[in-house]
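Q: Could you walk me through reading this model, one feature at a time?

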Amino acid sequence: MLYQQGTQRIEIIVRKESNGQDGAKENDTENVSSNGTQNDTQKSGGLTARQKRIVKTNLTHALAVTKQVVDLGVEYYVSGIGQRNGDQALQDQVSRNVEIVKDVTGFASSVAMGALYGSWGGPVGAVLGATFGAISTGASTFVKYANREREFNFKMFKENNAIEYQRARAGINLTTGRLR
């Protein structure tokens with residue numbers, strides 16, 4: 001009848017730990033989890049393990065938000081270069097350089113965040129987290145540049161077709177040497 005509504009299951013585990021005597025070693029009941037082992041709530045350095053994880057999570061989130069705000073500020077500044085100087089080519093060049101830096105820092109931060117969050121699972125978790133972060137960012141960057149290449153190839157195809165069409169309409173005559 002354990003599956004009835006309103007019932008609870010309580011497990012009480014009693015262990016006798018001897019320290020060379022017949023008496024049992026007493027554990028602090030607040031620091032013992034449901035399976036009888038010491039919980040992560042022991043104080044070390046003033047913060048519990050749970051509090052340390054919360055601090056890590058909030059710090060990494062703050063770093064990610066800071067990076068995003070800085071990226072937006074730089075993007076806004078770069079987008080005004082062409083308007084201030086009247087040189088659209090300079091704006092495109094600076095914009096491309098900023099994009100390269102953002103791709104590299106995005107990849108590095110994704111790997112670092114993956115490793116940090118994975119580190120809660122130990123060294124293996126850190127390696128897996130870093131690997132998954134690298135795969136995720138690498139795949140999205142690859143798709144971004146593949147889409148750009150596809151768009152460029154299609155644009156060039158359309159331009160070449162337009163050129164060939166105009167040549168056919170012009171009716172090049174090799175005997176007169178004229179081009180209309």
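**Reading the helices and their packing**

Q: Which residues of helix 4 are buried?

A: In helix 4, the buried ones are Gly 125, Ala 126, Gly 129, Ala 130, Gly 133, Thr 137 and Ala 170. "Buried" means under 20% relative accessible area, "exposed" over 50%, and "partly exposed" in between, with a 1.4 Å probe and protein chains only. Helices are DSSP runs (H or I, at least four residues), strands are E runs of at least two, and both are numbered from the N terminus. Bear in mind that this is a predicted model: local features need pLDDT of at least 70, side-chain atom pairs count only at pLDDT 80 or more, and totals for chains, interfaces and linings use all residues. Numbering starts from 1 along each chain as its sequence is written, and side-chain values use heavy atoms, with hydrogens and water left out.

Q: What covers those buried residues of helix 4?

A: Helix 3 is part of the cover. For contacts, the rule is heavy atoms within 4.5 Å. Just after helix 4 comes Gly 171, with a positive phi near 60 degrees.

Q: Let's zoom out: how many helices and strands are there?

A: Four helices and zero strands, so to speak an α-α-α-α pattern when you read along the sequence. Of the 180 residues in the protein, 13% are buried. The exposed area is about 14,800 Å², and carbon and sulfur atoms supply 58% of that; areas come from the Shrake-Rupley method with a 1.4 Å probe, and for residues only the protein chains shown count as cover. As for contacts between residues at least 6 apart in sequence, 36% join residues at least 24 apart.

Q: What span should the 49 residues of helix 4 have?

A: The expected span is 1.5 Å times one less than the number of residues. For the 49 residues of helix 4 that gives 72 Å, and the end C-alpha atoms are 72 Å apart, which agrees. Helix 1, with 31 residues, should span 45 Å, and its ends are 45 Å apart, in agreement. Helix 3 also has 31 residues and an expected 45 Å; there the end C-alpha atoms are 44 Å apart, which agrees too.

Q: At what angle do helix 1 and helix 3 pack?

A: Two packed helices are described by the angle between their axes and the distance between the axes. Axes are lines fitted to C-alpha atoms, for helices over the stretch in contact, and angles run from 0 to 180 degrees between N-to-C directions. Here, helix 1 (residues 49-79) and helix 3 (residues 88-118) sit at about 175 degrees, axes 11 Å apart. They are therefore roughly antiparallel; that label goes to angles over 145 degrees, with under 35 roughly parallel, 65 to 115 roughly perpendicular and the rest oblique. On the helix 1 side, the contact includes Lys 56, Thr 60, His 61, Asp 71 and Val 78, and on the helix 3 side Gln 91, Val 98, Gly 106 and Met 113 are among the residues. The contact residues divide into nine nonpolar, nine polar and five charged. In that scheme Ala, Val, Leu, Ile, Met, Phe, Trp, Tyr, Cys and Pro are nonpolar, Asp, Glu, Lys and Arg are charged, and the others, Gly among them, are polar.

Q: Which residues are buried in helix 1?

A: Thr 60, Asp 71 and Val 78, with helix 2 (81-85) and helix 3 among their cover. In helix 3, the buried set is Gln 91, Glu 99, Asp 103, Gly 106, Ser 110, Gly 114 and Gly 118, packing against helix 1, helix 2 and helix 4 (122-170).

Q: Is Glu 99 buried or exposed?

A: Glu 99 is at 17% relative accessibility, so it counts as buried. Leaving aside neighbours within four places in sequence, Glu 99 touches Lys 144, Tyr 145 and Arg 148. Its C-alpha lies 9.6 Å from that of Asp 71, 28 residues away in sequence.

Q: And His 61: buried or exposed?

A: His 61, in helix 1, counts as exposed at 52%. His 61 and Met 113 are 52 residues apart in sequence, yet 9.3 Å apart C-alpha to C-alpha.
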